[in-house]
Amino acid sequence: MSKIPYCLPSDISPEQFLTEYWQKKPLLIKNGLPALVGMFEPDDILTLAQDEDATARLISQQNGQWLLKNSPLSQQDFTNLPKHWTVLVQNMEQWSPELAKLWHAFDFIPQWQRDDIMVSYAPEGGGVGKHYDNYDVFLAQGYGSRHWQLGDYCDENTKFQQGQPIRIMDDMGELIFDAVLNVGDVLYVPTNLSHYGVAVDDCLTFSFGCRRPNPLQLLDNITDVATHFDKLSIPLKIAQPRTPAGELHAESIQDIKQQLINLLNSDTGDTLIRQAIAETVSKRQYDLMLAEEVLTIGELSDALAQGATISQDLASRMIFVKQNTQKDTQIQLFINGECVCDDDIDSQAQAVLVRLANGESLGLTDLEKANVDIDSVCEWLENGWVTVDVDDVNIDEPR
């Protein structure tokens with residue numbers, strides 16, 4: 001598989017983007033994703049939106065009122081629509097491995113921050129109104145053209161229209177960007193920046209969303225991970241000043257708080273937080289749809305012998321965490337929200353999965369050098385962790 005170039009202007013390095021633009025200011029990247037051109041047409045998305053397993057939304061507007069219909073959608077939902085409407089389909093990497101590979105164009109952002117790829121189809125004049133997102137997004141034009149405007153940064157005090165099923169604002173403030181994106185163009189929009197896109201003609205816009213965990217998610221997962229630490233079930237010893245019988249004294253509250261802080265700052269706390277964060281950010285937002293059929297061991301062996309390679313299935317989340325000890329550097333692997341422990345997989349296989357997580361494609365020679373057997377790779381295929389790239393091999397891969 002040929003390397004996909006970074007989706008950045010030729011005069012901006014990844015380091016410069018992360019320093020000057022990431023979560024700070026928008027960036028227009030002309031022809032940033034040329035590989036997206038011709039990959040999909042509107043009928044492809046309209047058909048997919050009606051699949052019973054798709055996560056889709058149909059949004060329409062008439063006389064100032066917005067309407068929202070969530071999946072499952074049917075052909076009947078697309079009849080007698082008002083002039084302005086749009087359909088959104090989430091989790092597109094699950095449906096198109098070819099599209100999923102375009103995540104590599106954004107490899108300057110670590111994959112633990114990837115959310116999903118969403119596609120928006122709209123006929124002329126369609127869109128979802130003025131709004132903002134709580135995540136960073138690369139808006140890539142895949143078909144037709146869309147007119148984009150960017151305005152003020154927003155926060156929890158931003159006011160939205162009342163009585164609407166979606167978050168729509170009336171005013172984005174002073175515009176800082178106003179331009180039409182054509183096929184292949186990409187617009188980076190930082191988190192909380194208001195934006196408004198309107199279809200110039202029949203158009204498809206692909207949103208490569210990047211999201212970070214919120215405190216509620218992390219605290220919830222810390223609690224889940226903590227249940228595996230027996231010593232954390234032992235009651236605390238708490239300072240108790242003389243108080244009326246019904247009072248919980250501030251000194252006791254402060255003592256409990258300080259003991260929790262001390263716990264989080266301890267070696268146990270480091271382990272607890274590291275695992276909770278890694279599980280949280282490696283967890284998929286949508287259920288993983290596993291293939292009904294995968295290559296047999298014999299078919300996989302033949303394919304690899306003929307030059308096929310394996311790579312990470314980008315519908316899955318695969319990350320690793322390094323931990324420096326006094327003796328060496330240890331690696332913990334997390335896939336789709338679960339820790340792949342040493343008891344589950346040997347060090348050679350773990351090293352191969354780390355290489356795949358870093359975007360490498362590996363062939364038979366690589367697997368033999370790493371002493372990883374075909375049975376293990378077959379199991380990874382069944383789990384949805386890897387995919388087989390057979391572009392130049394005379395074999396059909398089941399999907």
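## A strand pair in a predicted model

In β11, Cys203 is the bridge partner of Ala122. This is a predicted model. The two strands involved are β5, residues 114–122, and β11, residues 203–210. They pair in the antiparallel sense, over seven bridges.

Arg114 falls within the β5 range, residues 114–122. Its side chain forms a salt bridge with Asp107, and the closest N and O atoms are 2.8 Å apart. Arg114 is buried, with a relative accessible area of 9%. Asp107 is partly exposed, at 27%.

## The eight-stranded sheet

Strands β5 and β11 belong to an open sheet of eight strands. The order is β1-β9-β6-β11-β5-β4-β2-β3, and the pairing is antiparallel. The edge strands are β1 (27–29) and β3 (65–70). Each of these pairs on one side only. Neighbouring strands of the sheet are turned by 20° against each other on average, direction ignored.

Strands of a sheet pair through backbone hydrogen bonds, and the sense can be parallel or antiparallel.

Helix α2, residues 42–49, lies across five of these strands: β2 (56–62), β4 (84–89), β5, β6 (136–143) and β11. The helix runs at about 70° to β4.

Lys69 sits within the range of edge strand β3, 65–70. Lys69 forms a salt bridge with Asp77, with 3.8 Å between the closest N and O atoms. Lys69 is partly exposed, with a relative accessible area of 34%.

## Two nonpolar cores

The largest nonpolar core has 45 residues. Those with the most contacts inside this core are Phe17, Leu33, Leu99, Phe138, Phe206 and Phe208. Phe138 falls in the β6 range (136–143). Phe206 and Phe208 fall in the β11 range, residues 203–210.

What does Phe17 touch, leaving aside its neighbours within four places in sequence? Phe17 is in contact with Leu8, Ile12, Trp22, Leu27, Phe108, Ile109, Phe138 and Tyr188. Another core, of 30 residues, lies apart from the largest one. Among its members are Ala308, Ile310, Leu362 and Val377.

## Around Asp389

Asp389 lies in strand β16, residues 386–389. Is this residue buried or exposed? Asp389 counts as buried, at 9% relative accessibility.

The side chain of Asp389 makes a polar contact with the side chain of Ser311, at 3.0 Å. Neighbours within four places in sequence aside, Asp389 is in contact with Lys101, Ala308, Thr309, Ile310, Ser311 and Ser361. Two of these contacts, Ala308 and Ile310, are also members of the 30-residue core.

## Salt bridges

The count comes to eight salt bridges. Among them is the one between the side chains of Arg355 and Asp366, at 3.9 Å from N to O. Arg355 lies in helix α9 (residues 347–357), and Asp366 lies in helix α10 (residues 364–369). The pair therefore ties together parts that are 11 residues apart in sequence.

Both ends of this bridge are partly exposed. Arg355 has a relative accessible area of 30%, and Asp366 has one of 25%. Glu360 also takes part: Arg355, Glu360 and Asp366 are linked in a network of salt bridges.

Terms used
Residues numbered from 1 in each chain as written. Predicted model: local features only at pLDDT ≥ 70, side-chain atom pairs only at ≥ 80, totals over all residues. Heavy atoms only, no water. Salt bridge = Lys/Arg side-chain N within 4 Å of Asp/Glu carboxyl O. Buried < 20%, exposed > 50% of the residue type's maximum accessible area, 1.4 Å probe, protein only. Helix = DSSP H or I, 4+ residues; strand = E, 2+ residues; numbered from the N terminus. Polar contact = N/O pair within 3.5 Å; in protein donor to acceptor, adjacent residues only side chain to side chain. Contact = heavy atoms within 4.5 Å. Pairing = 2+ DSSP bridges. Axes fitted to C-alpha atoms, helices over the stretch in contact; angles between N-to-C directions. Core = buried A, V, L, I, M, F, W, Y, C linked by side-chain atoms within 4.5 Å.
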